Amino acid sequence: MGRVEQLPEDWQRGLVIVAHPDDIEYGAAAAVARWTGQGKDIRYLLATRGEAGIAGMPPAQAGPLREVEELSGAREVGVHTVEFLDHPDGRVEAGLALRRDIAAAIRRHRPEMVVLFNFGDTWAPGFVNSADHRAVGRSAMDAISDAGNEWIFPEIAQLEPWSARWAAVIGPVATHAVDVGGQLDKARASLAAHRRYLQVLSSVPVEQQVDEIVAMATGPKEGFPAAHAVGFELFTFAG
């Protein structure tokens, strides 16, 4: 792996696409805060409402709660447009239907930069990635191309084709990064908005969980000149 470079920031509109409420806050929130602070228009697209994500709480109750937590977390980093596709939490299927729904959303929001969550099979040796993360990320990567092709999904022909320039994927591989040293408090506040979820997830106090997660997500990246950075694997789609 070569030197980690500065992520391109000569763009104005970004769309972050993930599977669940809290996914963004686990890795991207500090970068989002940086970008909204630059005046960029950042929007969120979630495949599910996370309704299967709280043990002991029925989906009909958990889904609305997690939606509220996600909206609150988004506001903490300057995001005010959050769209949910309502695919079933824990049972998201990669394939044409999901590609079509994401491609339609890309056409609606018209991002230059798309941010995705790790969709590899693992996070590290011995740590399997979520099925939903794999399905959403892989389908979203394909949907970026689908959104620019007028013929693949004729059922969304009423939406003008749109070609994003880049996809930046948060995961084990980092080719690029951004300095988020001034955004850590906003990132913590964004993750802390998922209080009920975090309370059930672990017996560790929420504040401690938040500090540990944000520190892990914003640590230094090898060869990148910042004490706190969010790393991405960058893919280019159009010039």
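These notebook entries record what I looked up in a predicted model.

**Entry 1. Sheet order**

I began with the sheet. Eight strands form an open sheet with mixed pairing, in the order β1-β9-β10-β8-β5-β2-β3-β4. I noted β1 (5-6) and β4 as the edge strands, each of which pairs on one side only.

**Entry 2. Pairing around β3**

I next followed β3, residues 41-46, and its pairings. With strand β2 (residues 13-18), β3 pairs in the parallel sense, over six bridges. As a reference point in this pair I recorded glycine 14, whose bridge partner in β3 is isoleucine 42. With β4 (residues 82-84), β3 also pairs in the parallel sense, here over three bridges. Tyrosine 44 stands opposite valine 82 of β4. I then traced the connection: β3, helix α3 (residues 59-76) and β4 make up a β-α-β unit, which is right-handed.

**Entry 3. An antiparallel pair**

For the antiparallel sense I turned to strands β9 (residues 176-179) and β10 (residues 229-236), which four bridges join. Valine 178 has valine 230 in β10 as its bridge partner.

**Entry 4. Glutamate 51**

I located glutamate 51 in the loop between β3 and α3. Is this residue buried or exposed, and which side chain of opposite charge is nearest? Glutamate 51 is buried, and the nearest such side chain is that of arginine 91, 5.7 Å away. A salt bridge requires a side-chain nitrogen of Lys or Arg within 4 Å of a carboxyl oxygen, so this separation does not qualify. Glutamate 51 accordingly has no salt bridge.

I then asked what the side chain of glutamate 51 reaches. I found the backbone nitrogen of aspartate 89 at 2.9 Å. Leaving aside residues up to four places away in sequence, I listed the contacts of glutamate 51 as Pro59, Ala62, Gly63, His87, Pro88 and Asp89.

**Entry 5. Positive phi values**

I checked two residues other than glycine for backbone phi. Aspartate 86 has a positive phi, near 65°. Its place is in the loop between β4 and α4 (96-109). Why does aspartate 86 count as partly exposed? It does so because its relative accessibility is 48%, and the partly exposed class ends at 50%.

Arginine 110 is not a glycine either, and its phi is positive at about 55°. I placed arginine 110 in the loop between α4 and β5 (113-117). Arginine 110 likewise counts as partly exposed, because its relative accessibility is 22%, whereas buried would mean under 20%.

Note on methods. Residues numbered from 1 in each chain as written. Predicted model: local features only at pLDDT ≥ 70, side-chain atom pairs only at ≥ 80, totals over all residues. Heavy atoms only, no water. Pairing = 2+ DSSP bridges. Right-handed = clockwise from strand over helix to strand, strands pointing away. Buried < 20%, exposed > 50% of the residue type's maximum accessible area, 1.4 Å probe, protein only. Lys, Arg positive; Asp, Glu negative; His and termini not counted. Polar contact = N/O pair within 3.5 Å; in protein donor to acceptor, adjacent residues only side chain to side chain. Contact = heavy atoms within 4.5 Å.
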